[in-house]
Amino acid sequence: MIIAIGVAVSSSVGRDDTADDDVTRPVATEPAEVNFGQLRWEQVGRTELPFSDTAGPRTLDGVSASGFAHTEAGAILAAWQIPARLSLLTGTDGIYRQQVLGTSEDIAQFKKAAAELQATLDPDQTVPRVIAWRPHRPYDEQTASYDFALPGETPSAVQLVRFSVVWIGGDWRFQPGLFGQATTTPVDANSVHADNGWHMFTEVQ
């Protein structure tokens, strides 16, 4: 079922002409380590989401979370938090109005995929939290795009998704389809390591 989550979400957030299916592609060395401060995980609906004392989100309002720092750490958390909430929670119309950019077609595709995903989940089913992140393109202060690794159906496989955000109106906003999609085929879990540009999500005590 975890594979279905990755496929359903990532199939809606990209265009084939910009797809990048190589999990082992070289990634430029980052100039500095991304600092999340005190990273913690909190249960939000069916899954656990990452929160940071310095990177956000700073404001919770119903099912929405906003107020992400204008830093790479803030962009990463926004790029995961916003689409994850849209994909796994109900009553998200306010998130779409306030935190989502893009064409009506891309947004409609994402909504359709989220609805299809939710229809596949049992009422009490939970979703394991995200494992790792990797920049899809170099971070800048206006746009950011990241691949995320999720547990697959077997311990030897992971599923990849790509989400992109734009800084506008004093916060990061999710834009489906902005920089294509990650491969929808499960990849070897052993390929998710630092040499391939991946960073593991950890919890700082």
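Are Trp167 and Trp172 buried or exposed? In this predicted model, Trp167 is buried, and Trp172 is buried as well.

## Aromatic pairs

The count of aromatic pairs comes to eleven. One of them is formed by Phe110 and Phe174, whose rings meet edge-to-face, with 5.1 Å from centre to centre and 70° between the planes. This pair links distant parts of the chain, since Phe110 belongs to helix H4 (residues 104-120) and Phe174 to strand E8 (residues 171-174), with the two residues 64 residues apart. Phe110 has a relative accessible area of 1% and is therefore buried, and Phe174 counts as buried because its relative accessibility is 1%, where buried means under 20%.

Trp167 and Trp172, the two residues of the opening question, also form an edge-to-face aromatic pair, with 5.3 Å from centre to centre and 75° between the planes.

## A cluster of rings

Ring pairs also join several residues into a cluster, which consists of Phe36, Trp41, Trp133, Tyr146 and Phe201.

## A charge over a ring

The ring of Tyr96 has a lysine over its face: Lys111 lies there at 4.7 Å from the ring centre.

## A cis peptide bond

Most peptide bonds are trans. The bond that joins Gly56 and Pro57, however, is cis, with an omega of about 0°. As for its place in the chain, Pro57 is found in the loop between strand E2 (47-52) and strand E3 (59-61).

Note on methods: Residues numbered from 1 in each chain as written. Predicted model: local features only at pLDDT ≥ 70, side-chain atom pairs only at ≥ 80, totals over all residues. Heavy atoms only, no water. Phe/Tyr/Trp six-rings, centres within 6.5 Å; stacked < 30°, edge-to-face > 60°. Helix = DSSP H or I, 4+ residues; strand = E, 2+ residues; numbered from the N terminus. Buried < 20%, exposed > 50% of the residue type's maximum accessible area, 1.4 Å probe, protein only. Lys NZ or Arg CZ within 6 Å of the ring centre and 35° of its normal.
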